[in-house]
Amino acid sequence: MTSLDTANAQIFVLEDDPDIARLICSSLTEYGFRCEHASTGRQLLERARRSAPDLCIVDLGLPDMDGMQVVRELQDGSPCAVLILTGRNDVTDRVLGLELGADDYIVKPFEPRELVARVRSILRRYQRAAPVETLTQQRNIAHFAGWRFDRGRHALTAPDGREIHLSAAETGLLVTMLERPNRILSREQLLGERDIDPFDRSIDVRVSRLRRKLDDDPHDPKLIKTVYGAGYLFSAQVEWA
Ligand code: CA
């Protein structure tokens, strides 16, 4: 995805109901997005492997597999934003979806313009987190406490060599922390200025996901410390290269 060009983004829609699929795709193409439809989880995963979409809209109730499994497998592959669009309005599903790395969660019935706005918001977050291609001096690799973070690939490499993929939201959060280590950051500072969606305000959920990926003990965190009443503090020496 090139910078400031969200409209040209490639979006895959996984939806087994043909009427809903048509509605989603027509709303997206009307706003200039390129849209491809898959009606089974397997079909979507296969295509996503081949052509690396910018974002996948995933229904949870599918004929061949659970949408959560699709989200999980997408996160294991190449970086791709995920928006869950489902009839399931259960807080457990919402939390699970987010924990699996989905960037947003919308419950049906949905308002097409809201869907488009949420899609744009996710793509902008990805762009903010992604390297600016014109700046060759852009520092994209951060080293801290034995870890390596690659901003462009949304990837963490653990001290033991394991590679961990981050969602756009997690990448944005980590970049903010790595750019201002050892300083108290308020929840407002940790949220993107354009994150107007109330669901995005669940900064604490995002922090706990990030802690888990960093093997940071939530009861005694060494890296992302909670500063009660103030926010969070990233406690490490950070070197950008
Ligand atoms: Ca369905």
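What follows is a short conversation on reading a few features of this predicted model.

Biologist: What should I know before I start?

Modeller: It's a predicted model, so local features need pLDDT of at least 70 and side-chain atom pairs count only at pLDDT 80 or more, while totals for chains, interfaces and linings use all residues. Residues are numbered from 1 along each chain as its sequence is written, and side-chain values use heavy atoms, with hydrogens and water left out.

Biologist: In what order do the three strands of the open sheet run?

Modeller: Generally, strands of a sheet pair through backbone hydrogen bonds, either parallel or antiparallel. Here the order is E10-E12-E11, with antiparallel pairing. Strand E10 (184–185) and strand E11 (224–227) each have a single partner strand, so one side of each lacks a neighbour in the sheet. Pairing takes at least two DSSP bridges; strands are DSSP runs (E, at least two residues) and helices likewise (H or I, at least four), numbered from the N terminus. E10 and strand E12 (residues 231–234) pair over two bridges, and Leu185 has Tyr232 in E12 as its bridge partner.

Biologist: Which helix lies across E10, E11 and E12?

Modeller: Helix H6 (residues 168–179), at about 65 degrees to E12. Angles run from 0 to 180 degrees between N-to-C directions, using lines fitted to C-alpha atoms, for helices over the stretch in contact. Contact means heavy atoms within 4.5 Å. Helix H8 (residues 203–213) also packs on the sheet, touching E11 and E12.

Biologist: Which residues of helix H4 are buried?

Modeller: In an α-helix there are 3.6 residues a turn, so residues three or four places apart point the same way. In H4 (residues 91–99), Asp93, Gly97 and Leu98 are buried, that is, under 20% relative accessible area; exposed is over 50%, and partly exposed is in between (1.4 Å probe, protein chains only). Val91 and Thr92, on the other side of H4, are exposed. The buried residues pack against helix H3 (67–76), strand E4 (81–86), strand E5 (104–107) and H8.

Biologist: Which protein donors does the calcium ion have?

Modeller: Donors are N, O and S atoms within 2.8 Å of the metal (3.2 Å for Na, K and Ca), and sites may look incomplete as water is not among the atoms. Here they are Asp16 (OD), Asp59 (OD) and Gly61 (O), lying 2.2 to 2.4 Å from the ion. Asp16 sits in the loop between strand E1 (10–14) and helix H1 (18–30), and Gly61 in the loop between strand E3 (55–58) and H3, so the pair ties together parts 45 residues apart in sequence.
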